[in-house]
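Me: I'd like to learn how to read aromatic rings and burial in a protein model. Could you walk me through it?

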Amino acid sequence: MANSKDFDTRYELREFPFANGADGEPTPESLAALDAIGFGFHESTPKPEARKRKVNELIADEAVLLGAYVRKPQPGSVDETWPAGTFSWFPKALSWGDGTSINTQAISDVTVRPTERRRGILRRMMTQALERGVADGYAIAALTASEGTIYRRFGFGSAIRERNVVVKRAKALPFLAPTSGIVSVVTPEYLVDGVARQVFDRFDERSIGSMVRNTGSWPLVLGTLGRDGEPAKDTRAAVHRPADGEEVDGYVTWRMVEQPGGQTGIEIIDLVYATDAAYLSLWEFLLSIDLNDVVKYNRARLDDPIVSALGDNRAYDIEHEEDHVWLRVLDLPAVLASRPFAVDGSLTIAVTDALGYAAGTFRLEVTGGRGTATKLSDETDAAGADLALDVADLGSLLLGAVSPVSLAAAGVLQAADPAAPLLLRSMLQTPRAPHGITFF
């Protein structure tokens with residue numbers, strides 16, 4: 001890996017917001033950054049109108065681009081205009097599931113061109129971005145990762161896991177308990193005019209770990225646009241209303257796809273619900289659609305109630321499970337003061353942090369479900385603390401999806417008294433498993 005002097009000799013870091021020029025068209029540097037990001041994620045080159053729309057979506061999200069530019073590019077290479085490394089961030093609220101939230105520095109679009117690997121680009125961009133995040137008052141950073149081994153060294157811990165599931169229609173119905181409310185088939189366009197966002201806001205408020213969506217994700221999940229930027233032609237939609245009211249409290253969009261072995265299946269694109277009744281009823285509706293062998297969903301939460309609702313729970317198969325949201329604590333007292341707690345108590349926690357932001361020994365006091373963390377020392381006093389762990393593991397624990405008892409068993413959390421991890425587990429308990437259906 002290149003040292004700091006070598007890096008500065010070869011690269012220049014530039015930071016700027018995505019923007020349009022005086023003529024209303026995207027600035028050349030914004031378009032070049034967008035092209036570099038698309039190259040890094042193997043995306044096809046969009047049409048001019050799609051590129052312009054994407055820049056405007058990033059402007060709406062208040063996205064900032066940090067790029068590493070080659071100072072002396074080879075003639076004719078994309079390095080003459082494109083950054084060799086890209087990194088963006090924007091504000092994004094993370095829900096605590098009780099109607100409150102915390103603003104996060106949401107990191108996205110992280111790429112490094114293969115010709116520039118192992119030259120320190122990612123580390124330099126991450127370091128500068130987190131420094132900027134602290135300066136701008138963020139208490140926590142968040143990201144979703146394309147690979148699971150990259151970000152722990154920067155203090156990020158996997159805080160939410162999601163599952164890809166398949167439900168076999170032949171074994172699923174009838175449900176063990178009756179559903180309620182009314183399901184209606186609608187056009188995707190019906191959802192666009194406020195309906196979907198109102199339901200999502202209610203889902204977000206009650207779902208710990210949920211995060212507000214990027215502007216550009218809405219056309220994709222509602223089916224008004226495909227990933228190629230053209231209008232989607234295969235998306236269908238339905239909504240759920242309670243029996244005693246007209247307000248929509250859940251919706252689903254889906255498409256029909258061919259499954260392995262010649263089966264036909266429904267692929268859920270977006271399933272958003274403000275109530276458990278809406279979730280169950282929409283699943284029952286999908287499983288009732290003829291000419292359909294299976295229903296596939298790639299955003300299932302770990303405590304999915306459908307498993308307990310099915311007539312035969314062997315109809316439910318987990319195809320894959322992996323990390324989703326990663327969290328990085330920047331200001332530990334601020335984060336813990338923001339979060340609700342299920343049980344009162346007090347613990348001394350020693351945190352190691354290679355980058356220094358959350359390092360130290362803290363006393364967490366929870367009274368009436370609200371916490372206060374007081375820094376006792378800048379030093380990490382593992383011997384004098386009830387619990388000792390790295391900041392990455394602290395990020396994993398924050399939402400309650402990962403148990404301190406499990407981390408102690410894994411050897412990454414140290415506790416002199418076995419009762420301490422049990423107490424922290426009780427304090428972090430949540431009504432439902434943390435769940436997020438937002439990618440960024």
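**Reading rings and burial**

Reply: Happy to! F87 and W89 are both buried in this predicted model.

Me: How are the rings of F87 and W89 arranged as an aromatic pair?

Reply: A pair of aromatic rings is described by the distance of the centres and the angle of the planes. For F87 and W89, the centres are 6.4 Å apart and the planes meet at 70 degrees, an edge-to-face pair.

Me: How many aromatic pairs are there by this rule?

Reply: The count is 11. One of them is tilted: F7 and Y11, with 5.0 Å from centre to centre and 45 degrees between the planes.

Me: Why does F7 count as buried?

Reply: Buried means under 20% relative accessible area. F7 is at 2%, so F7 counts as buried. Y11, at 1%, is buried too.

Me: And S108: where is it found?

Reply: S108 belongs to strand β4, residues 101-112. Its relative accessible area is 9%, so S108 is buried. Beyond neighbours within four places in sequence, S108 contacts F87, S88, F90 and F440.

Me: Which rings are linked into a cluster by ring pairs?

Reply: Those of F200, F203, W218, Y273 and Y279. W218 also has a charge over its ring: the charged end of R213 sits 4.9 Å from the ring centre. Likewise, R339 lies over the face of F341, 5.4 Å from the ring centre.

Me: What about I59 in helix α3: how does its accessibility read?

Reply: I59 has 30% relative accessibility, so I59 counts as partly exposed. Leaving out residues up to four places away in sequence, I59 touches F18, A19 and N20.

How values were computed: Residues numbered from 1 in each chain as written. Predicted model: local features only at pLDDT ≥ 70, side-chain atom pairs only at ≥ 80, totals over all residues. Heavy atoms only, no water. Helix = DSSP H or I, 4+ residues; strand = E, 2+ residues; numbered from the N terminus. Buried < 20%, exposed > 50% of the residue type's maximum accessible area, 1.4 Å probe, protein only. Contact = heavy atoms within 4.5 Å. Phe/Tyr/Trp six-rings, centres within 6.5 Å; stacked < 30°, edge-to-face > 60°. Lys NZ or Arg CZ within 6 Å of the ring centre and 35° of its normal.
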